[in-house]
Amino acid sequence: MAEYAKPLPRQEEPELTQPFWDAAKRHELLMPRCSFCNKFFWYPRAACPDCLRESWEWTPVSGRARLHTFTLVYQAAHPAFQDDVPYAFAVVQLEEGPRMMSNVVDCDVANVKVDMPLMVKFDDVTDDWTLVKFRPA
Amino acid sequence: MSLRGKAAIVGFYETPSRKEFPDRSTNSLLAEVARGAIRDAGLRKEDIDGLINAEGTNSLTLAEVLGIRPRYNTSVTSHGASGATSIVVAAQAVSAGLANYVLCIFGGSQPRSSSRLRAVSQAERPSGPASRATEWEVPYGPVIAMNGWYGLIKQRHMFEYGTTMEQFAKCAADERFNGAANPNGIWYEQPVTVQDVLDSRFTNDPIHLLEGVMPVSGAHAVIVTTAERARALPNPPAYILGMGGPATNHDVIWQEDDITVTPVTMSAPNALQMAEMNIRDVQFAQFYDCYTVLVMACLEDAGIVPKGEIGPFYESTDTTFKGEFPINTDGGQIGAGQTAGLGGGFRHVVEATRQVMGRAENRQVEKSDVCLVNG
Ligand SMILES: [Zn+2]
């Protein structure tokens with residue numbers, strides 16, 4: 001496999017977010033869920049943004065989602081993406097509620113539409129890192 | 001106690017907007033506009049006892065450079081809204097007696113390619129500080145500058161409300177028409193048509209190149225004082241009738257609950273309530289415009305039209321300085337340039353002042369008493 005030239009995730013608080021990436025490597029999608037509000041939230045942070053309690057847990061989710069919005073990139077900020085243009089840089093809304101940034105893959109960009117149903121697609125980009133992307137459901 | 005009409009802008013000055021000023025530093029441009037605004041207000045430099053500038057430079061550092069000894073100083077940290085916010089802060093300061101004459105000053109000199117180079121170097125640099133962005137955004141390939149984020153908003157606006165590419169392009173074309181009449185602007189005498197905008201390349205679909213801004217060097221400044229002091233000065237005062245926040249309720253756009261809705265849903269009612277006015281009393285608008293979709297969403301949220309109807313509004317309304325509802329009469333950032341050092345948002349304050357004072361010459365709007373400015 002050619003060396004992966006795109007930027008890999010760099011963690012500001014690895015102790016907080018490592019469970020997410022470990023699960024992704026196992027092809028499981030986890031989201032933070034507040035034990036008090038029972039609400040999912042994204043991105044992971046010290047306390048639930050609704051009630052400010054720190055009692056949240058990594059909780060498995062379905063991987064089912066809808067495309068909230070997207071943009072087709074022609075001029076990427078990082079040159080390693082330039083071979084892929086146009087690609088879909090997307091905000092994906094999980095069935096469980098949270099919205100995350102991702103890519104829509106396995107799909108001609110002409111067919112990418114707002115609100116289309118999506119399913120998680122784990123992309124093992126290196127031995128250490130698996131990115132969470134989405135494909136048409 | 002309401003601050004309605006307690007403070008006024010009494011002088012302004014700006015440099016031309018240029019891609020670069022090869023031989024001039026940021027401090028050189030700021031010194032010119034400080035000098036110009038003080039002179040325009042009919043004041044002496046010793047009168048200036050308040051200083052407000054942009055995040056990025058400590059206001060005390062700038063005070064020292066300009067030889068000002070402020071009783072009151074601060075830097076505004078509201079990103080693009082810092083320029084408009086500086087007026088809110090200055091009005092509070094003079095109304096509270098913390099300063100008599102506050103200089104609000106924004107701008108910068110930068111090499112023409114610096115914003116792109118900075119974006120690339122940030123994306124490539126493996127050793128910079130890790131952040132929320134480096135973990136949750138960068139691996140998926142963001143777009144240069146803010147193009148990607150506003151592409152997400154525009155796409156969703158088109159989906160929810162059926163706003164068309166032509167309607168967005170009309171917004172850019174109207175601003176470029178205004179900018180073509182602004183000798184200080186980067187696009188002076190270079191109007192574009194709706195078709196030109198539609199024919200410009202996508203930086204990222206659905207954002208056309210001509211729906212965004214040209215980063216420019218330059219600077220802008222105004223002087224704020226109390227209404228009483230203003231009446232003793234030579235210029236007709238531009239009174240600050242109402243003000244409202246917040247600047248934002250999220251830091252990254254994808255964290256917003258409804259990404260087509262802006263904080264103007266709160267700030268505009270706050271400002272109008274203080275002014276004891278209705279949105280229908282507003283005669284023209286100077287609205288932050290890094291991209292067409294932002295001006296348009298903010299105008300909706302201010303209540304100019306109901307949510308989702310800004311597309312048809314642009315289609316049927318002449319928003320140039322000659323039109324029935326003028327918007328961004330100096331060209332705004334799309335039509336005149338996004339000045340470095342957060343000066344882009346501040347140009348809206350300067351142009352509102354110029355129009356209200358009746359000094360806009362070739363682009364003076366017909367009804368220029370009440371302007372709504374959005375940072
Ligand atoms: Zn909670």
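Helices here (H or I, at least four residues) and strands (E, at least two) are DSSP runs, numbered from the N terminus. With that in hand, one spot to look at right away sits just after helix 11 of chain B, where B:Gly303 takes a positive phi of about 95 degrees.

A few ground rules. This is a predicted model, where local features need pLDDT of at least 70, side-chain atom pairs count only at pLDDT 80 or more, and totals for chains, interfaces and linings use all residues. Residues are numbered from 1 along each chain as its sequence is written, chains are lettered from A and ligands numbered from 1 in the order in which they are written, and side-chain values use heavy atoms, with hydrogens and water left out.

**Where the chains meet**

Start with the interface. Chain A puts 40 residues into the contact and chain B puts in 41 residues, with contact meaning heavy atoms within 4.5 Å. Together the two chains bury about 3600 Å², and 58% of that is on carbon and sulfur atoms. Buried area is the accessible area (1.4 Å probe) that two parts lose on being put together, summed over both. On chain A's part of the bill, A:Arg10, A:Gln75 and A:Phe89 supply 22% of the area buried against chain B, more than any other three residues.

How many salt bridges does the rule find across the interface of chain A and chain B? Zero, taking a salt bridge as a side-chain nitrogen of Lys or Arg within 4 Å of a carboxyl oxygen of Asp or Glu. Polar contacts are another story: 20 residue pairs between chain A and chain B are in polar contact, both partners at pLDDT 80 or more. A polar contact is a pair of N or O atoms within 3.5 Å; within protein, one must be able to donate a hydrogen and the other to accept it, and residues adjacent in sequence count only if both atoms are side-chain atoms.

The elements of chain A that give two or more residues to the side touching chain B are helix 1 (14–25), strand 3 (64–73), strand 4 (87–94), strand 5 (99–104) and strand 7 (130–136). Strand 3 gives the most, with seven residues. Sorted by class, that side of chain A has 25 nonpolar, nine polar and six charged residues. Here Ala, Val, Leu, Ile, Met, Phe, Trp, Tyr, Cys and Pro count as nonpolar, Asp, Glu, Lys and Arg as charged, and the others, Gly among them, as polar.

Strand 3 of chain A also pairs across the interface: it runs antiparallel to strand 5 (residues 202–205) of chain B over two bridges. Two strands pair if DSSP finds at least two bridges between them. In strand 5 of chain B, B:Asn204 stands opposite A:Val73.

**Inside chain B**

Back to helix 11 (residues 292–302) of chain B: 11 of its 11 residues are buried, so it is largely enclosed by the rest of the structure. Buried means under 20% relative accessible area, exposed over 50%, and partly exposed in between (1.4 Å probe, protein chains only). Among the buried residues of helix 11 are B:Glu300 and B:Asp301.

Strand 10 (residues 284–287) of chain B is covered on both faces, with B:Phe284 and B:Gln286 buried on one side and B:Ala285 and B:Phe287 buried on the other. Strand 10 runs parallel to strand 12 (residues 371–374) of chain B, joined by four bridges, and B:Phe284 stands opposite B:Cys371 in strand 12.

B:Asn182, in the loop between helix 7 (165–179) and helix 8 (194–199) of chain B, is buried, with a relative accessible area of 1%. Its side chain reaches the backbone oxygen of B:Asp330 at 3.0 Å. Leaving aside neighbours within four places in sequence, the contacts of B:Asn182 include B:Tyr188, B:Arg347 and B:Arg363. By contrast, B:Glu228 in helix 9 (residues 227–231) of chain B is exposed, with a relative accessible area of 54%.

**Backbone oddities in chain A**

Four places in chain A deserve a look.

| Place | Feature | Angle |
|---|---|---|
| A:Trp42 and A:Tyr43 | cis peptide bond | omega about 15 degrees |
| A:Val85 and A:Pro86 | cis peptide bond | omega about -10 degrees |
| A:Asn38 | positive phi, not glycine | phi near 65 degrees |
| A:Leu52 | positive phi, not glycine | phi about 65 degrees |

A:Tyr43 lies in the loop between strand 1 (30–34) and strand 2 (56–60) of chain A. A:Asn38 is found in the loop between strand 1 and strand 2 too, and A:Leu52 lies there as well. A:Asn38 is partly exposed at 48% relative accessible area, while A:Leu52 is exposed at 64%. A:Pro86 sits in the loop between strand 3 and strand 4 of chain A.
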